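I opened this notebook to record what I looked up about how the chains meet, what packs in the interior and which charged side chains pair.

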Amino acid sequence: MRASAHIRELIAIAGTDGVLWNPEELMLYEYDALSAARPPDAVVFPRTTAQVAGIVKLARRKKIPLVPRGAGTGLSGGAVVTEGGIVLSLVRMKQIIEVDPENQRARVQPGVVNLDLSAAVAKHGLYYVPDPSSQRACTLGGNVAENSGGPHTLAYGVTTNHVLGLEVVLASGEVIHTGAKFWGRPGYDLTGLMVGSEGMLGIVTEITVRLARKPEAVKTLLAIYDQARDATRTVAALTARGITAAALEMMDGFTLRAVEEATHAGYPMDSAAVLLIEVEGLREAAEEQAEQVQAVCMENHARAVRLAGNNDERELLWKGRKNAFGALGRISPNFYVQDGVIPRTRLPEMLDSMERIGRKHGIAIGNIFHAGDGNLHPLLMYDARKPAERESVAKAAAEIMAECVALGGSITGEHGVGIEKSELMPLIFSEDDLEMQKKMLQVFGAGEALNPGKVFPSGKMCGELRVQMGGAG
Amino acid sequence: MASAVEHVSAGVGSLGGIAAVTDQESRARYAIDGVLPRAVVYPSSAEETASVLASAAERGLAVVPCRNATQLDIGAPPGRYDAALSLKNMASVWYYEPADLVITVEAGMKFGDFQHFVGRDGLWLPLDPPGGAGASIGGVLATNAAGPMRILHGTPRDMTLGMKIATVEGKVIKAGGRVVKNVAGYDLGKSLVGSWGTLGVIVEATLKLFPRPARRETYTLIGRTLDRVREFRRNILASPIAPLRMAYLSDETSAAPRTSASQPEGFEIWIEAGGSERVMARISSEIEAIAKSMGSALAPVESERATAVWERISDFRNALARAHPDAVVLKASLPVAQMEAFLGRALSITGGAGTRTASVSYLGGETVYLGLVPRNSEWPAEATVAQLRAAAEEFGGAMIVERAPAELKRRVSAWGETKDDFAVMQRLKKVWDPKGILSPGRFIGGL
Ligand SMILES: Cc1cc2nc3c(=O)[nH]c(=O)nc-3n(C[C@H](O)[C@H](O)[C@H](O)COP(=O)(O)OP(=O)(O)OC[C@H]3O[C@@H](n4cnc5c(N)ncnc54)[C@H](O)[C@@H]3O)c2cc1C
C-alpha cells in the first residue's frame, strides 16, 4: 500500500517511525478498554508540543477529525474513532520535565504513566494522589481528560483537585498555558474546565500537578461479612460518624472469590462481602481511627476484621483489589464494567436493586465499589457470542444507571461519558444545561475537530434509554 | 422611539417584574470605589434572579451580583453600574444529608449561618474566607475565597459538587450534582468559581462537608527573621503533622492584626492544629521541638483569643481598612517556597517608598497580603505597586491590588497582565454574557 498525501504530511511532521498507517497495525487502535469501534485512518506519535501543533493544523486544513489517545485503558470509548479520523497518540511524550520537591509540584508530559510519576518522586517522600486501578498503564493525559479517580481519592480528591496548570494545543494549533504552578492566578479556571473534557476541547501537552507528602502511618483493614447489606451499612455508618478513611473499597462475594482464585490475596472464599479500609496520617491518628473503624465494622455485624500486619500483607490486599477486573475475565467470557454514583447513605438499597435487576435479566452481576464515595462498579457477565446476552446486559446496565439517578446520583463517577453514555446525558441534564456545556466547544475553538461524537447525545435515540457497549464487545 | 440613554436615565424601575429599590441607603451599601448603583434588586428565587438578568440584558443595564459587600470592592472600579443584584432574600437550605456529608443551600446564605447550621452535626466547611461570618456562600464561591485553612482541603473550588447558575438569557443552568464523585459532562461549575460575578449568578450551591476535629489548639511563636520563618515552614511541612492553618505576620502599623501587647522584633507565627487529645499531645510536642530548634518558645493561646486572631488574619483586608481607610491592600499568590523571599523584597520596597507596612502570609498557603499605610500623600503609589507586582512575578507568582483609594485604583491594574490563554477567557465571557452586562470591565483584562 502506498502512503497517501495525508500520511506523507504526517510523516513529514512526526518522522517515519512516528506514523502508523498499515491496516494490520491500525487494527490495534480500534479498541479502548470498553470495546472496539473502527480502525483509524492513521495513528501519529508526536514527541513535542510543536509536532502536536503541526498535526492539529494539518488535520484542521484537511478537515480530518483527531482523536487524542493515551494508553487506551479508558472504559467509555473515549479514545476510539467513531467516523474515521487520525488517532493522536501521546504515549511518546513521556518526560517528567520538572520535579520541585519544596513546592510539591511536578511538571510532566501527558504520556507519563500514572504510577511512574509516584515512583519518580518517592525519593522525596512524595507521591501523586489519584491512583486509578489502571495506574500501571494509564497516562496522566488520559487521567486529566477523564478526571480520573482511584481508591485513594476518597480523602484527598480526584484528578481535578491535583492539577494546577496545563499546556494545551487548541484545535486552531495555537498553544495556551492555563493555570499556574500555584493556586489562584487571576482569571477564569480554564484548567478546571479542561479536566474531564474527554479530549474534546484541546490536546493536553503538559501538566502541572501537586504532589502530596507520604503519611507517617498507614493501617489497612479487611472487614469480612456474611451479609453484603451489613458491609454497605458499615460504609454509611463510617461516613455518618465522620471517620474519614483514606480508602474504603467494597467487593461482594462473587467478585472476591474470582479475585482470590487469581491473586491469593487472602480474601475468605465463603464470605458475602469484604470491605478494604485504609486509614492514615499521624501514627496516633491512624491507630485511633483503625480502632474506631474496627468498632463500627463489628457493630454492623462483620464476621471479623483483620489488620494487615506489614507492608507485604497490605500490598497483597491491594493487589487483589487492583486486579479485580482481570480476575473476573478468567471466570466469564466477557463482562461489562459499569460506573455509577449514588449518595453513600443509599448503598444498602442500591445493592438490593442490583440484585433485582440481575435476576430480572438473568445475568450475574459482580459488585466492586469505591464504596466510600458511593462510586459503584457493577460488573455484568455475559458471552459476546450470544447476542441475546449482550442485549440483556445493555438493558440491565441502563436500568442500573436510571436507578443511580433516581437515588440522587450520577451516570459516571470516573470512567467518563465517551460514546458509552452520551445518550444517557439527558437523564441528569436539561437541554439548557447541555447547550451551555456544548458552548465550551466554541470557547476553546474546538468545534467538531477533536474527538467528535463523544459526550453529547446524538438525539437519534428517541427516548430509549441505552448504553453503548460498542461494536464487538 | 425613546433612545436607550433616555430609557436608562428614566430610572431602573422594575427588573424582570421585581421592583428596584432606589433609596440612598440601600444603594450606598453596595457602593464600589465611590460609585453607587442606580438601584438595588432583591430577587427571592433562582427563577426571579434569571428574569432580572434577562430583563437587564434586554435593556443593556450593567448588573453586579452581591450580598454582603465583604469583597465587592475587589476588581477594577465599575464603569457602568446600573443595578446591584443582592441575594439577601435567598438563604434557604434546600437539601441536607448530614450522614452523607452533603448540603445544598441558596447562595445568599451567610457563611457564619452556614457553619452554625452544619456545626450542630459536628460538620463544617474547612474554610476561613475573608469576610468571615458575614460573607455569603455565593460570594465565597464567586471569589474562590479561602484563608489560611486552605492548606487542609483546598479552596471552595475543591468543595463544590454542583451549583445552579442564573444566566443573562433568563435561564437557570445546573452544573455538577449532589454526589461527591461525578464526571458526567464538562465541569461548568469550575468556570463560575472564581469568576467574580462576570459570567452568571450562582444561585444555589451543593457542597461537600467535612467532620470537624474534636479539639483545636492554637500556638504562637516568634520567628526573628524571615530565614527563621523559612526554616520553620520547611520543618513543619516536612514533619508528619498536618496543621489546620498557619500564618505569620509583621506589622508596622498599629491596627493590623497584631496581637500581643509587646512588640517583639520579627514575625509572629500562628499555628492551629486539631484532633483527639492523644493526637493533640503528639502535635504540640512536635511543634514545640521545631520551635525549640529555632531558639523560639512556643506559647499556647486560649481559644477565645485564638478565634479573634484567626478572624483578623483571614479578614486582613477588611480589618486593616477599618483602621486605615487609606490603606492599600495587595494580595500576592505565589509558590510556597518563594513566599519568604518575596516578602523580604516587598518589605524593602515599601520601606523605600516610605509607607508603614503590615503583612499576613498563609504559611504553606501560597498567599502574602501586604497592607500599605502611607505616612503622607506624597508617596510614589503607582511605582511602588508596579515594583511589588514585578517582584511577585519574578518569584513566579501574581499580585492583585485588592483595595486602594478609588483614585489610585483607577490608575493601576487591579489584576495585572493577561497571558496566552486570554482569548479563550474572552470567548468564555462571550458565551455566558454576550452583551457584557455582568460586572462589566471589572475582572482581569476588562472581562
Ligand atoms: C483495569 C482498569 C481499571 C481502571 N480503574 C480505574 C479507576 O480506578 N479509576 C478511574 O478513574 N478509571 C479507571 N479506569 C479507566 C481508565 O484507566 C482511566 O479513564 C484513564 O484515565 C485512562 O487513561 P488512558 O491513558 O488509558 O487514556 P485513554 O483511554 O487513551 O483516553 C481516555 C480519554 O482521554 C483522552 N485523552 C488522552 N490523552 C489526552 C491528551 N493528552 N489530551 C487530551 N485528551 C486526551 C482520549 O481522547 C479519551 O477521550 C480503569 C481502566 C481499566 C482497564
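Before looking at any pair I fixed the criterion: a salt bridge is a side-chain nitrogen of Lys or Arg within 4 Å of a carboxyl oxygen of Asp or Glu. I also note that this is a predicted model.

**Entry 1, the interface.** With that criterion I looked up B:Asp100, which forms a salt bridge with A:Arg344, the closest N and O atoms being 3.2 Å apart. Between chain A and chain B I find 14 salt bridges, and the count of residue pairs in polar contact, both at pLDDT 80 or more, is 29. On the side of chain A that touches chain B, the elements giving two or more residues include helix H8 (228–240), helix H10 (283–299) and helix H15 (431–443) of chain A, and H15(A) supplies the largest share, nine residues. By class, I read that side of chain A as 34 nonpolar, 31 polar and 19 charged residues. The contact draws 84 residues from chain A and 70 residues from chain B, and the two chains bury about 6400 Å² between them, 58% of it on carbon and sulfur atoms.

**Entry 2, the cores.** Which residues touch the most other members of the largest nonpolar core? I find A:Leu117, A:Met440, B:Phe114 and B:Trp432, in a core of 189 residues, to which helix H14 (residues 387–406) of chain A gives the most, with eight residues. I then followed A:Met440 and, leaving aside its neighbours within four places in sequence, found it in contact with residues of both chains, among them A:Leu193, A:Leu201, B:Tyr186 and B:Trp432. A second, separate core has 47 residues, including B:Leu221 and B:Met399.

**Entry 3, charged pairs.** Over all chains I count 57 salt bridges. One of them joins A:Glu9 to A:Lys62, with the closest N and O atoms 2.7 Å apart; A:Glu9 lies in helix H1 and A:Lys62 in helix H3 of chain A, so the pair ties together parts that are 53 residues apart in sequence. A:Glu9 counts as partly exposed at 25% relative accessibility, and A:Lys62 counts as partly exposed at 29%.

In chain B, I looked up B:Arg245 and B:Asp128, whose side chains meet in a salt bridge at 2.9 Å, N to O. B:Arg245 is in strand E14, whereas B:Asp128 is in the loop between strand E8 and helix H5, 117 residues apart, and both residues are buried.

Lastly, I noted a network of salt bridges that links A:Glu102, B:Asp227, B:Arg230, B:Arg233, B:Arg234 and B:Glu340.

Conventions
Residues are numbered from 1 along each chain as its sequence is written. Chains are lettered from A and ligands numbered from 1 in the order in which they are written. Side-chain values use heavy atoms; hydrogens and water are left out. Contact means heavy atoms within 4.5 Å. Buried area is the accessible area (1.4 Å probe) that two parts lose on being put together, summed over both. A polar contact is a pair of N or O atoms within 3.5 Å; within protein, one must be able to donate a hydrogen and the other to accept it, and residues adjacent in sequence count only if both atoms are side-chain atoms. Helices (H or I, at least four residues) and strands (E, at least two) are DSSP runs, numbered from the N terminus. Ala, Val, Leu, Ile, Met, Phe, Trp, Tyr, Cys and Pro count as nonpolar, Asp, Glu, Lys and Arg as charged, and the others, Gly among them, as polar. A nonpolar core is a set of buried Ala, Val, Leu, Ile, Met, Phe, Trp, Tyr and Cys residues joined through side-chain atoms within 4.5 Å. Buried means under 20% relative accessible area, exposed over 50%, partly exposed in between (1.4 Å probe, protein chains only).
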